[in-house]
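Dear colleague,

Here is the structure I said I would pass on. My notes on it follow below.

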Amino acid sequence: MARTTLTGIAGFNNLKEPRGFKGEETKRTYAIDVILTPEEADRFVAGNEDVVNKLHAETIEREKAKGKKVLVRKPISTKDTPEGMVRITFKRKEEDKAPMVLGPDREPYVSFLKRGAKVKIAYDLVPYVMQGVFGVSLKLIAVQVLEEELSAVDAAKLFEDDRPGLMQATAKPAAKDLF
């Protein structure tokens, strides 16, 4: 059964068309980055720890039966952003078809999902072993858009700051004044 993440903010995503790494035509995937606070990311990783440990134990047994060793256990991959948030990437292979994208009403979401939307992700933990290192992939199953990104009215409010010392907007200079 698929798991569901905490609610997060959509970052980069390609949910309609799969993309290859740096434009390659092979190993194309659908993907979405979910941006969480460090505390939410820690809860996400901790909430999956029991399942990851179980998958790790099962994988060690399976690899031992094949005569191979699993040397290291890699944690769920997270990346810090310059803004102090944490980015977690969920992927789905092209051959698995596009993930389902639903709106707040759980009906198909037909709009283009933009960065900044509040989303919930359904995913599976998929174990892998590469060169003796155990890890888990976060396989994307579906995305639910809970709230769309800022509306034009909300965005306009960001520019209403009239504190002293801030640069005020000026009229566009005429072409004759530029030269």
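To start with a turn: β5 and β6 make a hairpin, with five residues between the two strands, and G84 in that turn has a positive phi of about 85°. Please keep in mind that this is a predicted model. The pairing of β5 (residues 79–80) with β6 is antiparallel and rests on two bridges; K79 sits opposite R87 in β6.

On β6 there is also an antiparallel pairing with β3, joined by eight bridges. In that pairing Y30 stands opposite R92 of β6. The faces of β6 differ in cover: V86, I88, F90 and R92 make up the covered face, while R87, T89, K91 and K93 lie on the uncovered one.

F90 also appears in the largest nonpolar core, which has 28 residues; F90, I32, L113, V119, I121 and V143 have the most contacts inside it. At least two residues of this core come from each of β2 (8–19), β3 (29–36), α1 (38–65), β6 (86–93), β8 (118–130) and β9 (133–147). The most comes from β9, with six residues. Leaving aside residues up to four places away in sequence, I32 touches several residues, among them F12, L15, I88, F90, L113, V119, I121, L140 and V143.

As for the chain overall, three helices and nine strands follow the order β-β-β-α-β-β-β-β-β-β-α-α. Of its 179 residues, 31% count as buried. Among contacts between residues at least 6 apart in sequence, 71% join residues at least 24 apart. The accessible surface is about 12,600 Å², and carbon and sulfur atoms account for 56% of it.

Regards

Notes: Residues numbered from 1 in each chain as written. Predicted model: local features only at pLDDT ≥ 70, side-chain atom pairs only at ≥ 80, totals over all residues. Heavy atoms only, no water. Helix = DSSP H or I, 4+ residues; strand = E, 2+ residues; numbered from the N terminus. Buried < 20%, exposed > 50% of the residue type's maximum accessible area, 1.4 Å probe, protein only. Contact = heavy atoms within 4.5 Å. Areas by Shrake-Rupley, 256 points an atom, 1.4 Å probe, with all protein chains shown as cover. Core = buried A, V, L, I, M, F, W, Y, C linked by side-chain atoms within 4.5 Å. Pairing = 2+ DSSP bridges.
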